Amino acid sequence: MKEKQYITYEQATAIAQTGLWDCEDADAVYFDCEERNKHAVPSTIEEIDKLFEGDKVEIIVCPRFTLAEAIDWLRDYAGIHVQINNVKRKQWSYDLVDINRLENEDGTPYNFVPERETTPIFNTYEEAVSDAIDKAVEIYTPTEEELNMDDGQFPTMSEEEYNKLRDEIENSDMYDGRGKYDVYECEGCDHHLITTYAVKGVTPFVVTCPKCGKGMLHVRTLKAASAGENVIKWIRPTYEQYCKLSYGYRDHIGNGGLILETVIKND
């Protein structure tokens, strides 16, 4: 029997950071961030919190999905269908389809990636699926450029709607990162950030490095920050602050997202 192939550490943490994955609804895994070893753990919030009581490992809670389970999750929770195509007998490619928008206005199939210059071809089915997962999570996660887009036609929530959304998120079973510290490291330089949650909400897996402008990846979660470390909070802005933000940020917040407090300070 062929051994099950699981998603990678980077894919697992990226999925966890979308905010769509609920660790109470699925098997969870924690990683020894130095060795990147997988260990199955109970999937209740209470049991996961107990892991932070010890000091043996730095951990982040992630889904322990097989490739097939990741495809099912993307379809059920992100609305992205991964269509794997057989090419030239033993080679593979893929398309990503929005299941909520199956057709374009002209009736042709709608694809998340219709304008790519070349269709990537893979020698194995598993390689195609893994690349499709990377692309699907990337599509779902807003980029810094998208967050800064401005569009006067984007409907701003009323204060009543905003407060209702805030209360629903706070009372939900969403992962609560308060009291834990996320480390982001830059791919282009030696800069790093330490962040923590002020409230419940969705945070991106990648942020822009304030030092060199390249991407900073969320690499691990700590139970405490070092003394003297500058910790930046993920916040939900006040309604007045929300109204002054760009289209992309308002859209992100409207979907349950949080922003770094420095966005408000620098606005």
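This note goes through the aromatic pairs, one sheet and the cysteines of a predicted model.

1. Aromatic pairs overall. Searching the whole structure gives seven aromatic pairs. Two of them are described below, one edge-to-face and one tilted.

2. Trp92 and Tyr125. The two rings sit 5.3 Å apart, centre to centre, with 85 degrees between their planes, and the pair is edge-to-face. Trp92 belongs to strand β5 (residues 91-98) and Tyr125 to helix α4 (residues 125-140), so this contact ties together parts that are 33 residues apart in sequence. Neither ring residue is classed as buried: Trp92 is partly exposed at 22% relative accessible area, and Tyr125 is partly exposed at 36%.

3. Tyr239 and Tyr242. Here the ring centres are 5.9 Å apart and the planes meet at 35 degrees, so the pair is tilted. The angle is not under 30 degrees, the limit for a stacked pair, and not over 60, the limit for edge-to-face. Both residues lie in helix α7 (residues 239-244), three residues apart, which is about one turn of the helix. Tyr239 and Tyr242 are both buried. Together with Tyr162, the two tyrosines make up one aromatic cluster.

4. The six-stranded sheet. The strands of this open sheet run in the order β8-β9-β6-β7-β10-β11, and their pairing is mixed. Its edges are β8 (206-208) and β11 (259-260), each of which pairs on one side only. At the β11 edge, the partner is strand β10 (residues 231-235); the two are antiparallel and share two bridges. Across from Trp234 stands Leu260, a residue of β11.

5. The cysteines. No disulfide turns up in a search of the whole structure; the count is zero. Cys186 and Cys212 deserve a separate look. For Cys186, the nearest cysteine sulfur is that of Cys212, at 3.4 Å, and Cys186 is in no disulfide. The reverse also holds: Cys212 is in no disulfide and has the sulfur of Cys186 as its nearest cysteine sulfur, 3.4 Å away. A disulfide requires the sulfur atoms to be within 2.5 Å, so a separation of 3.4 Å does not count as one.

6. Accessibility of the two cysteines. Which of them is buried and which is partly exposed? Cys186 is buried, with 10% relative accessible area, whereas Cys212 is partly exposed, with 36%. The cut-off for buried is under 20%, so Cys186 qualifies and Cys212 does not.

Notes. Residues are numbered from 1 along each chain as its sequence is written. This is a predicted model: local features need pLDDT of at least 70, side-chain atom pairs count only at pLDDT 80 or more; totals for chains, interfaces and linings use all residues. Side-chain values use heavy atoms; hydrogens and water are left out. Rings of Phe, Tyr and Trp (its six-membered ring) pair if their centres lie within 6.5 Å; planes under 30 degrees apart count as stacked, over 60 as edge-to-face and the rest as tilted. Helices (H or I, at least four residues) and strands (E, at least two) are DSSP runs, numbered from the N terminus. Buried means under 20% relative accessible area, exposed over 50%, partly exposed in between (1.4 Å probe, protein chains only). Two strands pair if DSSP finds at least two bridges between them.
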